[in-house]
Amino acid sequence: MSRALARSRQVSPVQFLDERAIITRLPDEGRTEAIRLLASRAEALASPRAGTDIARRALQRETEFGTGIGEGIAIPHVRVDHLRNPILAYGHSPEGLDWDAPDAAPVHHVFFLLSATGAEDLHVQILSRIAKAMAKPEHRARLADPPDAQVLFETLKTVLDSPAK
């Protein structure tokens, strides 16, 4: 019954996004460093502490199944035990990072999702909402040149809260 209710209610990724987990300019050191930085931000916000192997697990998953989805977007994600609420981190790369995406385009928008083991429905809903919101070219354009973390955070909230279609 609780799984059916979780599926029926609309979930917004915004409710799991924290301004402290936003990096306005990812270093141009590749996807490994981007994942390490975003995993570190997410881990710092985890309650209770999710463990210290988040980056390692995300990188291992990345080698098994890449998280670049095309159009300049990647969504690395990890599930861990004993996490109260999902955590969403975001990093922007103006130059673009090689992510081995299906369209071979460099990745400018990296969303890192940390969620609890056993919350698969919620995990998938968040991933889906991010992918749908970022599929819109106008949304990617709005996030292309953030002046600072506060503006980027507000823009992300607007973009991710847009109706999924």
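## Helix H2 and its span

The expected span of a helix is 1.5 Å times one less than its number of residues. Keep that in mind as you look at helix H2 in this model, which is a predicted one. H2 has 15 residues, and the path from its first C-alpha to its last reaches 21 Å, close to the 21 Å expected at 1.5 Å a residue.

Now look at which parts of H2 are hidden. Its buried residues are Ala34, Ile35, Leu38, Ala39, Ala42 and Glu43. Because these residues cover an arc of only 155 degrees around the axis, they sit on the same side of H2. A general rule helps here: an α-helix has 3.6 residues a turn, so residues three or four places apart point the same way. The buried residues of H2 pack against strand E1, helix H3 and strands E5 and E6.

Ser40 also belongs to H2. With a relative accessible area of 44%, Ser40 is partly exposed. Its C-alpha is 8.8 Å from that of Ala21, and the two residues are 19 apart in sequence.

## Helix H3 and its two sides

In helix H3, Ile54, Ala55, Ala58, Leu59 and Glu62 are buried. They lie on the same side of H3, because they cover an arc of only 130 degrees around its axis. On the other side of H3 you will find Thr63 and Glu64, which are exposed. The buried residues of H3 pack against H2 and against strands E2 (68-70), E4 and E6.

## A closer look at Glu62

Is Glu62 buried or exposed? This residue of H3 is buried, with a relative accessible area of 6%. Buried means under 20%, so a value of 6% puts Glu62 in that class.

What does Glu62 touch, once residues up to four places away in sequence are set aside? The answer is Arg31, Ile35, Thr67, Gly68, Pro76 and Trp99. With Trp99, the side chain of Glu62 makes a polar contact, side chain to side chain, at 2.9 Å. Asp145 is a useful second point for finding your way around: it is 83 residues from Glu62 along the chain, and their C-alpha atoms are separated by 27 Å.

## Strand E6 and its partners

Strand E6 covers residues 107-116, and nine of its 10 residues are buried, so E6 is largely enclosed by the rest of the structure.

Which strands pair with E6? Strand E3 (residues 73-74) runs parallel to E6 and is joined to it by two bridges. In this pairing, Ala74 has Val110 of E6 as its bridge partner. Strand E4 (residues 77-80) is also parallel to E6, with four bridges between them. Here Val80 stands opposite Ala116. Strand E5 (residues 87-97) pairs with E6 in the antiparallel sense, over seven bridges. One pair to look for is Tyr90 with its bridge partner Phe111 in E6.

## The nonpolar cores

The largest nonpolar core has 26 residues, and the members that touch the most other members are Leu83, Trp99, Phe112 and Leu114. The elements giving two or more residues to this core are strand E1 (17-23), helix H2 (31-45), helix H3 (54-64), E4, E5 and E6. Another core, of 23 residues, lies apart from it; Leu17, Leu113, Ala133 and Leu156 are among its members.

## Helix H4

Helix H4 spans residues 120-134. From its first C-alpha to its last, this helix of 15 residues reaches 21 Å, close to the 21 Å expected at 1.5 Å a residue. Its buried residues are Leu122, His123, Gln125, Ile126, Leu127, Arg129, Ile130, Ala133 and Met134.

## Ser12, a residue in a loop

Where does Ser12 lie? Look in the loop between helix H1 (2-8) and E1. Ser12 is buried, with a relative accessible area of 12%.

Leaving aside neighbours within four places in sequence, Ser12 is in contact with Arg129, Leu160 and Asp161. With Asp161, Ser12 makes a polar contact between the two side chains, at 2.4 Å. Arg129 is one of the buried residues of H4.

Technical notes. Residues are numbered from 1 along each chain as its sequence is written. This is a predicted model: local features need pLDDT of at least 70, side-chain atom pairs count only at pLDDT 80 or more; totals for chains, interfaces and linings use all residues. Side-chain values use heavy atoms; hydrogens and water are left out. Buried means under 20% relative accessible area, exposed over 50%, partly exposed in between (1.4 Å probe, protein chains only). Two strands pair if DSSP finds at least two bridges between them. A nonpolar core is a set of buried Ala, Val, Leu, Ile, Met, Phe, Trp, Tyr and Cys residues joined through side-chain atoms within 4.5 Å. A polar contact is a pair of N or O atoms within 3.5 Å; within protein, one must be able to donate a hydrogen and the other to accept it, and residues adjacent in sequence count only if both atoms are side-chain atoms. Contact means heavy atoms within 4.5 Å. The arc is that of the directions from the helix axis to the C-beta atoms.
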